[in-house]
Each structure stands twice: as structure tokens, then as C-alpha cells.
Amino acid sequence: MRKSTLNRKALIQYVSLVLPGFIIFTIGLIIPIILAFFYSLTSWNGMTAEKPFVGMENYVKFFKDPYVRDAWVFTLKFTIYNTIIQNVFALLFAVALDSSIRLKKIYRTVIFMPCLISALVVGFIWLRMYSNILPALNKLLGTNINFLLFGDGKTVLTGLLIANNWQWIGYWMLIYLAALQSIPSELYESASIDGASPFRKFINVTVPMLAPAFTICIVGITTGSLKVYELMVSSTGGGPGRASTSIIYHIYNTAISGRQYGYGSAMSIMLVLILLLVAMIQVVFLKKREVQL
Amino acid sequence: MKNRVLMASGKEKYTVGTLITQIFMTIVSILFFIPIIMVINYSFKTKKELYLSNPLALPESFYFENYITAYKKLDLSTTFLNTLIYTAISVVILALLCGASAWAIARCKHKFFKFSYVYFLVGILIPYQALFLPIYIIGFRLGLTNSRLGIILMYIATGVSFGVFLMTSFMSTVPVELEESSRIDGCSIYRTYFSIVMPLLKPAIATLVIMQSFQIWNDYLMANLFVSKKSLKTLTVAMQALFSQRTTDYTTALAAIVISVLPIVILFMSLQKYFVKGMTVGAIKG
């Protein structure tokens with residue numbers, strides 16, 4: 001029935017609905033990838049007309065550059081901790097909000113609210129929390145806790161993780177919450193009849209039913225953390241030293257401030273490849289689990 | 001869903017476990033709320049209070065001077081309007097483009113549409129932040145930096161893949177029968193889309209509007225790259241200038257934060273109902 005109505009004219013009209021987005025997307029996102037690849041083979045400084053071709057030199061440099069390595073180590077640590085912490089707490093809070101407690105709406109709104117704030121602002125808020133507001137607690141309680149987390153290379157990651165998790169836990173919590181609420185209650189009832197304990201119900205009913213939400217949250221948090229940049233702009237500035245320079249931060253410094261567009265492009269291409277790889281591995285792995293369950 | 005609601009109202013038992021959960025969530029919420037309270041609290045403090053009084057105390061009176069200084073320093077009338085224009089126009093165009101694309105993709109089995117869907121998905125796997133440099137270069141070479149049109153096109157290009165993905169997952173909620181009868185009545189594809197399909201997509205559009213609005217409103221990386229002219233600057237870029245002044249007077253900056261966050265909170269509050277439903281569609285369907 002549909003096939004027969006889909007004549008040529010209709011097809012062209014359908015295509016015309018997709019085309020504008022398709023073209024803007026191509027120019028704005030796909031061509032830049034191709035362009036970046038070409039620039040990555042040159043030593044272009046972003047200003048001159050000629051772009052000296054240097055072959056794979058930038059990529060060789062990429063793998064030897066200790067600054068690049070440090071930026072990746074920081075970004076990967078940030079990503080791994082984030083993925084674990086955010087998933088655990090988001091799920092924990094979602095389960096708590098799915099119980100029969102009161103005031104759910106207030107809790108939900110309060111925990112979700114920070115994700116509406118710009119990461120730039122979140123960084124600044126926590127800079128002030130650590131350096132001005134929390135130290136006042138010491139005076140009040142007579143304790144001597146060091147709250148200046150952004151001041152030391154050893155604690156800066158912890159400080160940023162707290163800020164980032166404060167911002168994003170609520171967002172993923174909402175996704176888990178909706179997934180929890182869509183689990184048919186019959187499944188729990190039949191598990192109860194079979195004499196399952198609450199813990200067994202959680203492992204054998206809830207967790208498998210949450211598989212699609214796990215996929216969304218894990219992939220979302222990982223790719224989101226790998227591209228962290230704005231959080232540091234107004235809080236640590238990539239420091240102290242280079243202790244919190246993420247990979248995007250480093251690309252920005254190299255290309256925009258350091259005028260090495262060719263090398264910066266090579267870094268962008270590597271980031272794109274790694275993001276693509278991570279997302280694909282996760283999607284394939286997690287989807288396989290979804291099917292098995 | 002309905003079953004669940006009935007069940008929830010049936011199991012209002014309040015056990016010891018529930019009480020522990022309640023206490024736990026109360027503590028968590030208070031911890032989450034402290035930074036927000038502090039921002040609001042400090043935005044009303046005078047400079048004198050900042051140095052002399054207990055840092056955790058409430059301000060002695062509502063001192064609006066910080067807000068007036070923030071208004072001037074942010075050049076608020078310009079930056080606010082700029083941000084509003086970029087956000088509103090980008091979001092409206094995104095809603096139109098993505099809705100139409102997603103509908104065509106969902107309804108046509110032709111290869112082109114299958115390809116388009118996968119093609120758009122590339123943009124979800126590669127966040128545009130990773131490509132900020134080449135996007136900036138292409139914008140620059142096309143003469144689109146320092147122009148309103150350029151910024152808007154850039155936000156559309158970087159938002160289109162998420163929009164199409166979101167809208168496509170909503171399409172199963174639109175019954176095909178209605179469209180078919182409208183087509184049999186002789187309506188064109190365009191008319192069918194605008195008069196039959198689009199009204200049914202309201203929740204999806206609301207979701208898209210919120211998700212993209214707060215991303216564009218809060219964007220710093222691209223806005224900072226694309227704009228150097230003072231008259232085109234956005235609120236976030238102006239805020240960064242305020243933050244980076246290494247002064248001890250941060251009450252102005254905190255007042256600026258309150259001003260910048262307010263519009264997005266109001267938007268969220270007014271569309272919350274759709275949003276919570278909408279953002280989770282993907283999570284449930286996978």
C-alpha cells in the first residue's frame with residue numbers, strides 16, 4: 001500500500017524535506033572533518049596562504065609529545081572516574097526516587113537543576129566554593145580540612161570530578177528513573193510469587209530491563225567526559241601547571257593560542273578517531289548484552 | 001505506564017527502609033543545593049560583608065548593587081539580546097528541519113533515507129566540540145565568523161544530528177493512518193507534514209527546544225571562537241571576561257550567574273512536563 005503511493009513526485013518531496021538539514025550538516029560537520037585531515041598533513045600556522053605539506057610528521061609528533069600524553073592521561077582518568085561515579089550515583093538516586101518516599105518532585109528538581117547551568121559557570125561556582133566558601137566551614141567547626149582542591153596538582157582532578165558530577169548526576173538520574181518507571185509491575189509481582197528477595201529482584205528483573213538505559217548513560221557520560229573543556233576555563237585554567245589540561249584544552253592552546261593549526265588538526269583527527277572507536281566498542285558491547293538478556 | 005501509577009498509589013506503605021531512603025535523599029538534596037544557595041546568598045552581599053562578616057551568614061539586607069554592576073559589566077542589554085536571538089532562531093529552525101527530516105526518514109524505505117539516518121548519527125558519535133578547530137576554520141574561510149548568520153548556521157549544523165535522532169525515535173507515536181487518509185484526500189507531502197504530523201509532534205518538539213536551548217544558551221567554546229566583535233558577543237562569553245578579572249570582588253560575578261541562569265530555568269520550568277517525558281524516549285526504546 002505504501003509502496004504504491006510512493007510515486008516519484010512524492011519521493012522528491014520527501015527528499016526535499018531531508019535535504020536542507022543534510023546540506024548544512026555536511027558543510028558544518030562532515031567537510032570540516034575532511035578539511036582537518038588535510039590540514040593535519042601540513043605545518044600550516046593559520047595565517048599564511050601556503051600550507052607546507054609535511055606528510056605524517058604531525059602524527060609522529062603526536063605520539064612523542066609529552067604534553068599530548070599528559071593531556072590524554074588527565075582526560076582518560078577524568079573519563080573513567082566520571083563514568084563510574086556518575087552511573088553509580090545516578091542509578092542509586094533513581095532507585096531511591098522510584099520507592100515510596102515523599103517529596104520526590106523536590107528531590108528530583110534539586111538534583112537535576114545544576115545541569116541547566118553552563119559548564120563555564122559551574123567551574124566558577126566551584127572555584128569560589130573551594131577557595132572562599134568552604135574554608136569558612138573550618139573556622140565554624142574548628143577543623144582544618146584543606147578545601148583548596150584546585151590549588152594542588154594532586155587534588156585538582158578530585159575537585160573537577162566533584163564539580164562535574166554535581167552538574168550531571170541529575171541528568172542521568174532522570175533517564176534511569178524513566179527507565180525504572182517503564183518496567184511493567186507484573187515482572188516484579190511474578191518474581192515475588194517465586195519468592196525472590198528484593199536484592200534478587202533488582203539483579204534479575206531491574207538490571208536486565210535497564211539495559212537500554214545503561215547503553216545511553218554509559219556512552220553519553222564517556223563521550224561527554226572525553227570532550228571536557230569549558231569546566232576548566234573559568235576554574236583551573238588547565239592548571240596548576242598543566243595538571244588539568246584536557247585534550248580539547250590542549251588542542252585549543254596549540255592551535256588557537258599557539259598558531260599551530262596543522263598540528264592542532266592532527267590532534268583533532270586523533271580525538272575524533274578515538275571518540276568514534278570508544279562509542280562503537282561500547283555500543284556493540286552493550287547492545288550485545290541487551291540482546292542476550 | 002498506567003499499571004505502574006495504579007500500583008504506586010496502592011503501595012504507599014511507609015516502612016523503616018523508606019524512612020532511611022527519605023533521610024538519605026534529604027541529605028543528598030541539601031548537599032546538591034548548597035552551591036546554589038551560596039551563589040544566591042553571595043550575590044546579595046556587600047563588599048564589606050564579604051570581608052568582615054561570617055562567610056556563611058546571610059546578607060544583612062538585599063543589596064541589589066551587585067546586580068546593577070553585573071548588568072553594566074556584562075553589557076547585558078546587548079549580550080542578552082544576542083544570546084536570545086542566536087538561541088531562538090537556531091532552535092526554531094532546528095525544530096522545523098529535524099522534524100521534517102525525521103518524518104521523511106521514518107516513512108520512506110528508499111536507500112537515500114536509510115543512508116541519511118546513519119549519516120546524521122555520525123554527528124552524535126563525534127561531538128562537535130572535538131571538531132571545534134576545523135568548524136572554526138571553515139566558518140572563517142566562508143566569511144561566517146563575526147556574523148549572526150554564521151553563528152546560527154553553526155549551531156544548526158552541530159545540533160541537527162541529535163535533533164534527527166530524537167525526532168526519529170518519536171515517530172512511532174505518530175499514527176500512519178491519519179497521514180494516509182490525508183494523502184488520499186489529495187494533500188501534498190508538505191501539507192500533510194505541517195497540518196497532520198507536526199501538531200502530533202508537540203512533545204518531541206518541546207524536548208528538542210529545551211535540550212538545544214540550554215546547550216546553545218550555555219555554549220562558550222564556539223561562541224567565543226566565532227565572535228570577537230563586541231556588539232555580537234554572547235552572555236557566556238561576557239561572563240568569562242567577568243570571571244577572569246582576578247579581583248576579589250566576585251559578588252558581581254555571582255549576581256551575573258543568577259541573571260544568566262534565570263531564563264533557562266524559567267524555560268525548563270514551563271516545559272518540564274514534556275521534557276522529562278521526552279528526554280527519556282531514547283532511554284526506554286534504546
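A residue counts as buried here if 20 or more other C-beta atoms lie within 10 Å of its own. With that cut-off in hand, this report describes parts of a predicted model, beginning with one helix of chain A and then turning to chain B.

**A helix of chain A**

Helix α11 of chain A runs over residues 211–226, and it is mostly covered, since twelve of its 16 residues are buried. Among the buried residues of α11(A) are Ala213(A), Phe214(A), Ile216(A), Val219(A), Ile221(A) and Leu226(A), and the list also includes Thr215(A), Thr222(A), Thr223(A) and Ser225(A). The length of this helix can be checked as well: at 1.5 Å a residue its 16 residues should span 22 Å, and because the end C-alpha atoms are 23 Å apart, the expectation and the model agree.

**Where the two chains meet**

The contact between the chains takes 87 residues from chain B and 77 residues from chain A. On the side of chain B that touches chain A, the largest share comes from α2(B), which gives 13 residues. By class, that side of chain B divides into 60 nonpolar, 21 polar and six charged residues.

**The domains of chain B**

According to the domain assignment, chain B holds domain 1 (14–66) and domain 2 (68–285), and the centres of these two domains, taken over C-alpha atoms, are separated by 32 Å. Ten residues from domain 1 of chain B and ten residues from domain 2 of chain B take part in the contact between them. On the side of domain 1 that touches domain 2, at least two residues each are supplied by α2 (16–43), α3 (47–52) and α4 (65–73) of chain B, and α2(B) gives the most, with four residues.

**Two helices that cross**

Within chain B, the axes of helix α9 (residues 176–184) and helix α10 (residues 189–200) come within 10 Å and cross at roughly 145°, and the crossing is right-handed. In this contact, Leu178(B), Glu179(B), Ser182(B) and Arg183(B) of α9(B) meet Thr192(B), Ile196(B) and Val197(B) of α10(B).

The table sets out the residue classes for the contacts described above.

| Contact | Nonpolar | Polar | Charged |
|---|---|---|---|
| Side of chain B that touches chain A | 60 residues | 21 residues | six residues |
| Side of domain 1 of chain B that touches domain 2 of chain B | five residues | two residues | three residues |
| α9(B) with α10(B) | three residues | two residues | two residues |

Note on methods:
Residues numbered from 1 in each chain as written. Chains lettered and ligands numbered in written order. Predicted model: local features only at pLDDT ≥ 70, side-chain atom pairs only at ≥ 80, totals over all residues. Domains from an automatic or database assignment. Contact = placed C-beta atoms within 7 Å. Nonpolar A, V, L, I, M, F, W, Y, C, P; charged D, E, K, R; others polar. Expected span 1.5 Å × (residues − 1). Axes fitted to C-alpha atoms, helices over the stretch in contact; angles between N-to-C directions. Left-handed = near helix turned anticlockwise from the far one by under 90°.
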